[in-house]
Amino acid sequence: QVQLVESGGGLVQAGGSLRLSCAASGNIFNINAMGWYRQGPGKQRELVATITSDGNTNYADSVKGRFTISRDNTKTTVYLQMNSLKPEDTAVYYCNYRMGWGGYSRDYWGQGTQVTVSS
């Protein structure tokens, strides 16, 4: 079993910054990628940023140049540095770990952390 616990969310004014953290524990192995997703009010969950096991990153166009994903060397913690926040970034942010590849992959999710950006 894998547990993911997010922290770092909160209320911030537009233009401000927040840093989200996700701590993973349990039976962690064969990490494919780690990432952050978000779900805004009335919207579907969407990809924010991912980082593969070998360090390649990918970002949604809406956050490029403002958000940075990183991880520690043990791959048990993934971070999301969010700068120049906008009201449209308001959402519940979820941490994701994907383990395995192809038909043997499995996704694990955290419980989510609320980020609210006021105008």
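# Exercises on salt bridges, sheets and core

Glu46 is partly exposed, with a relative accessible area of 36%. Here buried means a relative accessible area under 20%, exposed means over 50%, and partly exposed lies in between (1.4 Å probe, protein chains only). The model is predicted, so local features need a pLDDT of at least 70 and side-chain atom pairs count only at pLDDT 80 or more, while totals for chains, interfaces and linings use all residues. Residues are numbered from 1 along each chain as its sequence is written, and side-chain values use heavy atoms, with hydrogens and water left out.

## Exercise 1

Determine which residues are joined with Glu46 into one network by salt bridges that share partners.

**Solution.**

1. A salt bridge requires a side-chain nitrogen of Lys or Arg within 4 Å of a carboxyl oxygen of Asp or Glu. The structure holds 5 salt bridges.
2. Start from Glu46, which forms a salt bridge with Arg38; their closest N and O atoms are 2.7 Å apart. Arg38 is buried, with a relative accessible area of 5%.
3. Continue from Arg38, whose side chain also meets that of Asp89 in a salt bridge (3.0 Å, N to O). Arg38 is in strand S4 and Asp89 in the loop between S8 and S9, so that this pair links distant parts of the chain, 51 residues apart. Strands are DSSP runs (E, at least two residues), numbered from the N terminus.
4. Continue from Asp89, which forms a salt bridge with Arg66 at 2.8 Å, N to O. Because Arg66 lies in the loop between strand S6 (57-59) and S7, and Asp89 in the loop between S8 and S9, the pair ties together parts that are 23 residues apart in sequence. Both Asp89 and Arg66 are buried.
5. The result is one network of Arg38, Glu46, Arg66 and Asp89.

## Exercise 2

State which strands stand at the edges of the open sheet of 4 strands.

**Solution.**

1. Two strands pair if DSSP finds at least two bridges between them. The order in this sheet is S1-S3-S8-S7, and the pairing is antiparallel.
2. S1 and S7 each have a single partner strand and stand at the edges, so one side of each is left without a neighbour in the sheet.
3. On average, neighbouring strands of the sheet are turned by 15 degrees against each other, direction ignored. For such angles, axes are lines fitted to C-alpha atoms, and angles run from 0 to 180 degrees between N-to-C directions.
4. As a detail, S7 and S8 pair in the antiparallel sense over 5 bridges, and Phe67 stands opposite Met82 in S8.

## Exercise 3

Identify the residue that takes a positive phi in the hairpin of S4 and S5, and the one in the hairpin of S5 and S6.

**Solution.**

1. S4 and S5 pair in the antiparallel sense over 6 bridges, with Tyr37 opposite Leu47 in S5. Their hairpin has 6 residues between the strands, and Gly42 takes a positive phi near 70 degrees.
2. S5 and S6 pair in the antiparallel sense over 3 bridges, with Thr50 opposite Asn58 in S6. Their hairpin has 4 residues between the strands, and Gly55 takes a positive phi near 95 degrees.

## Exercise 4

Find which element gives the largest share of the largest nonpolar core.

**Solution.**

1. A nonpolar core is a set of buried Ala, Val, Leu, Ile, Met, Phe, Trp, Tyr and Cys residues joined through side-chain atoms within 4.5 Å.
2. The largest such core has 30 residues, of which Trp36, Val78, Leu80, Met82, Tyr93 and Tyr97 touch the most other members.
3. Elements that give two or more residues to this core include strand S4 (31-39), strand S8 (77-82) and strand S9 (91-99).
4. The largest share, 5 residues, comes from S9.
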